[in-house]
Amino acid sequence: MSEGGASVSERPEAATAASGRAGLPPAIELRGINKSFGPVRANRDVSLVIQKGSIHGIVGENGAGKSTLMSILYGFYQADSGEVFVDGRKANIVSPDDAIAAGIGMVHQHFMLVDPFTVLENVVLGAEGGALLAEGKAKARSELQRLEHEYSLEVDIDAVVGDLSVGLRQRIEILKALYRGAETLILDEPTGVLTPQEADHLFRILASLKEQGKTIVLITHKLREIMAITDNVTVMRGGEVAANVATKDTDTEQLAELMVGRKVLLRVEKTPAQPTETVLTVTGLNVVDGAGVRRVKDVGFTVRAGEIVGIAGVAGNGQSELLEALAGIRQPASGHIRVRDQDISAEHAVDARGMRELGLGHVPEDRHRMGLVMPFAANESSILGYHYDPAYNGRIIMERQKIIDLCAAQMKAYDVRPDNPLLTSANFSGGNQQKIVVAREMERNPDLLLVGQPTRGVDIGAIEFIHRRLIEMRDAGKAVLLVSVELDEIMSLADRILVMFDGAIVGEVAQSEANEQVLGLMMAGVSPDAADEVA
Amino acid sequence: MAGAAANTGVPRWVAVGLLPVINLLAAFLVSGLVILAIGENPLRALAILLNGAFGYQEGIGFTLYFTTNFIFTGLAVAVAFHCGLFNIGGEGQATLGGLGVGLVLLYLDFLPFVLILPVAIAAAVVFGAAWSYLPGLLQAKRGSHVVITTIMFNFIASALMVYLLSQILIKPGQMSPESREVAQHTWMPFMHDIFPIARSPWNGSFIVALLACAFLWVFVWHTRWGYEIRTVGANASAAVYAGISPSRNIILAMVISGGLAGMLGVNEIMGVNHRLILNFSAGYGFVGIAVSLMGRNHPVGIVLASLLFGALFQGGADLAFEIPKITREMVVFIQGLVILFAGALEYLFWPFLVAVFGREADTALAAAE
């Protein structure tokens, strides 16, 4: 099990004494859960105890098995072996219906709501209570009003869900679970799509739920959140429980170490930027999506050689479309993109290949959707976007051995494991897949590097590595544009920070002046001056 | 298809070799039960079928003649499949390919054979490709699904052939919708003309088919154009990210697919019938789907699957002849079962194989790390 953490109790049972209300059976107890998917052992002999009326955090890197464990608890998957106890009684949960009947509710990372329905309709969905809706809805209405009042979960129950903000939709998910009689609420990465202020509000709601005796299970990879609101925390690593510990007895450094299995550097060390000439100039850029909605609105900014410009914002505020327009994947509707002396506009559109020929590298936001071709061998994925390069093309035949050699060299330089260029791309872990993408884009020595969510779903060790590489690119005189929804990442890497809200740039903040309050308010659309005053 | 095998840890040979064999056995088992039910001996039927396909020179010749057709249509389905497209218009594209060959043989017969051969093959490819170009274009530019358009084009091709053969190309003074016989020097040589073997329809087109296999293998896996097609087929967003145009590659894949299907006309018109007739595509285009599926869209697999279906066609004909109770329809039924198990129910036994072989791979993977 864990090599570090001498002060941490390594036996699951020991956590029982850490906190919780004496005398009561635990809300949830898991004993010896095993689950394999083909050759992957997602959970190995997992045992943990969740005290009634507590907030219990589960942390771990992607692929550590936390989502699998919760899916077993919620009845999506069946464990290969092991037992689940709810309120001290053995429970046989084989479907979400069973879980709901046992008083377990789940708020998914991706909401399960029907957009054109009202809040009320969404809440009664699946619990209509008869063929005619009117009666069930009336009952639900009074019950919902009670719940809203009790837990300060204010939502307009007649509003159409599609019109509501992400934070409100999450509240509806919580209401849905409570309406179905949940005593234990599982939240899977609940803050991923929230502004810091919205997250704070969520935590207040969770605290009041706890006051009322509900049990909360919080799955996250953000250690700060664990420290802020949990009573106990379970650290998972490689499908196993690395530690169960009372939150007050630990700190972020120790948790990070337990997650990774070694010491990690959480802060990025860098010198002040030495920017030189302007590489990218964007003026009056508008981008329209496939449905005709304007996603990027009159955006203008510059990126100079030798600096990292960060674009912060809550996911879905136009950053993706902006990045895709800059990369030549989407054509601008109007406005100009200037890369060195080349002008790109709706009239003079340039595709992704053309942009690469202008000296652009692009680490896409979603490596599954864009960065790699999963059924391809790693070496084939390592030339995606550069497959036409004469370096490994004869007149007709591709020179496979050269491609394999190139991939092997990149794997070595970026510490990709396993370093086998013939292995299928899908069979690498998230962090290693990301390193393959990052290696491909950085090793081309681009003048301008676009980076989207470089560390999403990447383990801490790889995050450290990728951050260091980005700083090295900057110090080598490259212009870097970084788009990330992780505020920590933006604040530690970017020299200048632009905040996007609803397709427009709200304002710019220098790294030295950036803090979470200011950025958080800007991410909610408040102008920088006003944000300063409020903060 | 490949996605189903990924991440289960099942060894490749099980997915590529064992699974098709199990599917085939299942088809034979059900066929055997049916033969038993009509009061015949399934083992005797199997013996006759095998003997009919491989037991004597003429039988082998017929088997390989059928195989040739299946290779062309199987390759056609495969190349479209690599681009994520389901071309079920092999029938129509083969019909047009045959028309192209027929026109060359009918009207350019002043040329010597050495010139006729490449021109006829080119005509087969161009006519077949032209017939798949429109569905490809409609898919790429307008999103009209190729499954719908290609099958519609089959009907158009069939109607076009009827019109041409009954009104224009028909040999004057006869009733049946056929063209005149083409000049003998334009015929594709039969194998029995070259080698001292029994007479059969097996002809030089078989060599053309094997060359087409080699072409496909090089094109799909060893050129940048094949790389682009596979990227579009596996992940269209990644293709756009890489600056690869999905619409251009959809059209390219469909054109190559149609061209390969069109080459069936070389075997049928130039090799065997020596005149333009109706319905020479005879369902080969549809069986090509099963061939490609069973052959895992790979040329080697397609040759093996084509051989299987060739043997079923030829052995089945002998079977219907030898045992009168097993009618022609019964043989089609057996072929249908093979297509059902190999194609539609391809993954019927997959969970079982995962359960048996998945674990072993677990330890192999762990050892590798």
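A salt bridge here is a side-chain nitrogen of Lys or Arg within 4 Å of a carboxyl oxygen of Asp or Glu. With that in hand, take A:E380 and B:R230: their side chains meet in a salt bridge, at 2.6 Å from N to O. This is a predicted model, so read what follows as computed from that prediction. Below is a quick tour of how chain A and chain B touch, then some salt bridges, a few strands in chain A, and two residues of chain B.

**Where chain A meets chain B**

- On the chain A side, 38 residues are in contact with chain B, which brings 25 residues of its own to the meeting.
- Put together, the two chains bury about 2,600 Å² between them, and 57% of that is on carbon and sulfur atoms.
- The rule finds one salt bridge across this interface, and the pair is A:E380 with B:R230.
- Polar contacts across the interface come to 18 residue pairs, with both residues at pLDDT 80 or more.
- Which elements of chain A give two or more residues to the side that touches chain B? They are β1 (28–37), α10 (352–357), α11 (367–371) and α14 (430–442).
- The largest share of that side comes from α11(A), with four residues.
- Sorted by residue type, the chain A side has 17 nonpolar residues, ten polar ones and eleven charged ones.

**Salt bridges within the chains**

- Over all chains, the structure holds 38 salt bridges.
- One of them joins the side chains of A:K52 and A:D87, at 2.4 Å from N to O.
- That pair links distant parts of chain A, 35 residues apart: A:K52 is in the loop between β2 (40–50) and β3 (55–60), while A:D87 is in the loop between β4 (81–86) and β5 (89–91).
- Are A:K52 and A:D87 buried or partly exposed? A:K52 is partly exposed, at 24% relative accessible area, and A:D87 is partly exposed too, at 27%.
- Further along chain A, A:R474 forms a salt bridge with A:D475, and their closest N and O atoms are 2.9 Å apart.
- The two partners get different labels: A:R474 counts as buried because its relative accessibility is 1%, which is under 20%, whereas A:D475, at 49%, counts as partly exposed.
- A:R474 and A:D475 also belong to a network of salt bridges that links them with A:K270 and A:D495.
- In chain B, the side chains of B:E40 and B:R44 meet in a salt bridge at 4.0 Å, N to O.
- B:E40 counts as buried because its 17% relative accessibility is under 20%, while B:R44 is partly exposed at 41%.

**Strands β1, β4 and β5 of chain A**

- β1(A), one of the elements on the side that touches chain B, pairs with β4(A) in the antiparallel sense over five bridges.
- Within that pairing, A:E29 stands opposite A:F85 in β4(A).
- β4(A) is also joined to β5(A), by three bridges, and these two strands run antiparallel.
- What is the bridge partner of A:F85 in β5(A)? The partner is A:K90.
- The hairpin of β4(A) and β5(A) has two residues between its strands, and A:D87 there takes a positive phi near 55 degrees.
- A:D87 is the residue seen above in the salt bridge with A:K52.

**Two residues of chain B**

- B:R328 lies in helix α16 (residues 328–344) of chain B and is partly exposed, with a relative accessible area of 40%.
- B:R328 and B:A317 are eleven residues apart in sequence, with their C-alpha atoms 7.2 Å apart in space.
- Leaving aside neighbours within four places in sequence, B:R328 is in contact with B:G316, B:A317 and B:A320.
- B:H274 lies in the loop between α13 (264–273) and α14 (284–294) of chain B.
- B:H274 is buried, with a relative accessible area of 4%.
- The side chain of B:H274 reaches the backbone oxygen of B:M270 at 3.5 Å.
- Beyond neighbours within four places in sequence, the contacts of B:H274 are B:R180, B:E181, B:V182, B:W187, B:F190, B:E268 and B:I269.

Definitions and conventions. Residues numbered from 1 in each chain as written. Chains lettered and ligands numbered in written order. Predicted model: local features only at pLDDT ≥ 70, side-chain atom pairs only at ≥ 80, totals over all residues. Heavy atoms only, no water. Contact = heavy atoms within 4.5 Å. Buried area = accessible area lost by both parts, 1.4 Å probe. Polar contact = N/O pair within 3.5 Å; in protein donor to acceptor, adjacent residues only side chain to side chain. Nonpolar A, V, L, I, M, F, W, Y, C, P; charged D, E, K, R; others polar. Buried < 20%, exposed > 50% of the residue type's maximum accessible area, 1.4 Å probe, protein only. Pairing = 2+ DSSP bridges.
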